[in-house]
Structure formats: structure tokens, C-alpha cells
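Here is a friendly walk through one protein model, meant to be read with the viewer open. Take a look at the fold, then follow along.

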Amino acid sequence: MKTISGHVRDVIDESEVALSAMQAGFLNLSAYAKTIQGEVSKRARREVAVGSIVVALSRYEIDAKHRVPLSPRVKLESIATRSALCELTFTRTQTVRSQLRQIHENERLVEADVLTITSGIRELSLILPSALKQDILKVFKGQEPTLVLDQLASLTLRFPARYLHTPNTIFALLRPLALNRINLVEVVSTYTELTVIVAEKHLQSAFSVLSKLPTV
């Protein structure tokens with residue numbers, strides 16, 4: 001059976017704001033204990049006193065301050081932007097998978113500055129320059145796209161390989177965009193790159209936000 005301390009830790013670990021405030025030493029433990037008393041009691045299946053929650057928070061605060069920050073400081077090597085992009089999505093059928101091979105036979109597509117192909121369980125999505133849209137439609141001749149989005153842009157963030165084993169690296173890079181309410185159409189990642197796709201009208205705002213991240 002989980003202890004009161006265990007339930008308290010679970011509750012605070014589910015709140016980014018509370019955990020970050022605790023790690024920074026800004027969290028008012030008494031006030032916070034009162035706000036989560038109901039949830040802790042619910043999970044413990046019995047009434048839990050505020051004092052008991054405060055004690056549990058005090059103990060956890062010591063450990064939390066020595067943990068890796070929820071949002072690590074990630075330093076970028078560069079930011080590259082591209083505009084005039086589009087996205088096409090097709091249902092992932094055997095025919096579509098067979099036609100996909102033809103992309104590598106199209107010189108214009110192979111040499112495109114931006115060409116991402118994401119194969120999901122039921123869908124196949126491609127992001128490419130709008131000028132090459134007709135080339136893709138020819139590749140998938142006879143297939144009706146389930147989605148066609150124009151006027152898109154990309155921002156590619158390059159970062160050192162050492163961040164591969166740093167928890168929440170991707171979270172730290174996407175968090176500023178979320179805080180600024182910038183909608184992400186797609187997110188594509190590789191070993192040392194993270195590319196976000198946004199509407200062209202949001203490109204300048206997204207670049208302004210991401211350019212404030214520290215650099216190497």
C-alpha cells in the first residue's frame with residue numbers, strides 16, 4: 001500500500017508549475033498542502049491532515065532540489081527556417097507504400113531542401129516545398145490525399161549530440177512555443193535536429209521565441 005508521502009509525490013510530480021516552484025524554492029508548502037488535500041485524501045482513500053501533507057512536501061523538497069530540472073537548459077547550435085512548404089497526408093495502404101518508392105526516382109524530390117516522410121500506423125504524411133506538390137501528386141497518382149495544407153513554414157533547431165541522454169530535451173525546446181500559444185502543425189526529429197512546422201503567419205513569432213534560447 002502506498003504511503004501518504006508517495007501520494008503527495010505523485011500529485012506534485014503531475015504538476016509542472018508546482019514541481020518547478022518547489023525546485024526553485026518558491027513553493028509555499030502550507031498553502032499548496034491545502035490545495036491538494038482533497039486529491040491526496042482521495043488517492044489515500046481516507047482523510048489526510050494538512051500537517052501530514054506539509055511534512056511529506058518538506059521531505060520531498062530536499063530531494064527535488066537535487067533532481068535534474070524538469071526543463072533543462074539546452075544550448076542550440078543553430079536555427080534554420082524555410083517557408084513556402086506544404087503537407088500532404090495519404091491513407092497508408094499497400095498501394096501507397098508501393099508508390100512511395102518512386103520518390104527516390106524523382107530527382108527534384110530527392111534534391112529538395114525539405115522533404116520529411118512520416119509513416120504512421122494508418123497514415124503517411126509528407127512535408128515538402130509547395131513548388132513540388134504536383135510531383136508528389138504524380139507519385140501517388142490515383143490516391144486522394146486526406147489532408148492538404150499550404151502556406152507552412154519550418155524551423156529546424158540543431159543541438160549537440162550530448163543532449164541525447166538528457167531527460168526532457170525536446171520538452172525544453174517546445175515549451176517556449178507552448179507558453180506563447182504558437183500552434184505546431186507537425187514536429188519531426190532526428191539525432192541532433194528538431195524541426196517544427198507552423199503556419200507561415202506564425203513563422204516570425206516562433207523564430208522570435210526560439211531565438212531567445214541559449215546557443216553554444
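Which strands does helix 8 (residues 169-179) lie across, and at about what angle does helix 8 run to strand 6? In this predicted model, helix 8 lies across strand 4 (147-158) and strand 6, and its direction makes an angle of about 20 degrees with strand 6. Helix 9 (residues 203-210) lies across strand 1 (78-91), strand 4 and strand 6, running at about 20 degrees to strand 4.

**The sheet**

These strands belong to an open sheet of six strands, ordered 2-3-1-4-6-5 and paired antiparallel. Its edges are strand 2 (116-119) and strand 5 (186-189), each of which pairs on one side only. On average, neighbouring strands of the sheet are turned by 25 degrees against each other, direction ignored.

At one end of the order, strand 5 and strand 6 (residues 193-199) run antiparallel and are joined by four bridges. The hairpin between strand 5 and strand 6 passes through three residues. If you want to trace the register, Glu186 has Ile197 of strand 6 as its bridge partner, while Ser189 stands opposite Leu194 in strand 6.

**A helix crossing**

Next, turn to the helices. The axes of helix 2 (residues 16-24) and helix 4 (residues 50-64) come within 8 Å and cross at roughly 75 degrees. Because angles of 65 to 115 degrees count as roughly perpendicular, helix 2 is roughly perpendicular to helix 4. Helix 2 contributes Leu19, Met22 and Gln23 to the contact, and helix 4 contributes Leu57, Tyr60, Glu61 and Ala64. Sorted by class, the contact has five nonpolar residues, one polar and one charged.

**Salt bridges**

Side chains of opposite charge can pair when their charged atoms come close. The structure holds nine salt bridges, including these:

| Pair | Closest N to O distance |
|---|---|
| Asp10 and Lys2 | 2.5 Å |
| Arg9 and Asp63 | 2.8 Å |
| Arg43 and Glu14 | 2.8 Å |

Asp10 is partly exposed at 26% relative accessibility, and Lys2 is partly exposed at 45%.

Arg9 in helix 1 (residues 4-13) and Asp63 in helix 4 are 54 residues apart, so their salt bridge links distant parts of the chain. Arg9 is partly exposed, with a relative accessible area of 29%, and Asp63 is partly exposed at 37%.

Arg43 in helix 3 (residues 29-44) and Glu14 in the loop between helix 1 and helix 2 also link distant parts of the chain, 29 residues apart. Arg43 is partly exposed at 27%, whereas Glu14 counts as exposed at 57%. Together with Glu39, Glu14 and Arg43 are linked in a network of salt bridges.

Key. Residues numbered from 1 in each chain as written. Predicted model: local features only at pLDDT ≥ 70, side-chain atom pairs only at ≥ 80, totals over all residues. Heavy atoms only, no water. Pairing = 2+ DSSP bridges. Helix = DSSP H or I, 4+ residues; strand = E, 2+ residues; numbered from the N terminus. Axes fitted to C-alpha atoms, helices over the stretch in contact; angles between N-to-C directions. Contact = heavy atoms within 4.5 Å. Parallel < 35°, antiparallel > 145°, perpendicular 65-115°, else oblique. Nonpolar A, V, L, I, M, F, W, Y, C, P; charged D, E, K, R; others polar. Salt bridge = Lys/Arg side-chain N within 4 Å of Asp/Glu carboxyl O. Buried < 20%, exposed > 50% of the residue type's maximum accessible area, 1.4 Å probe, protein only.
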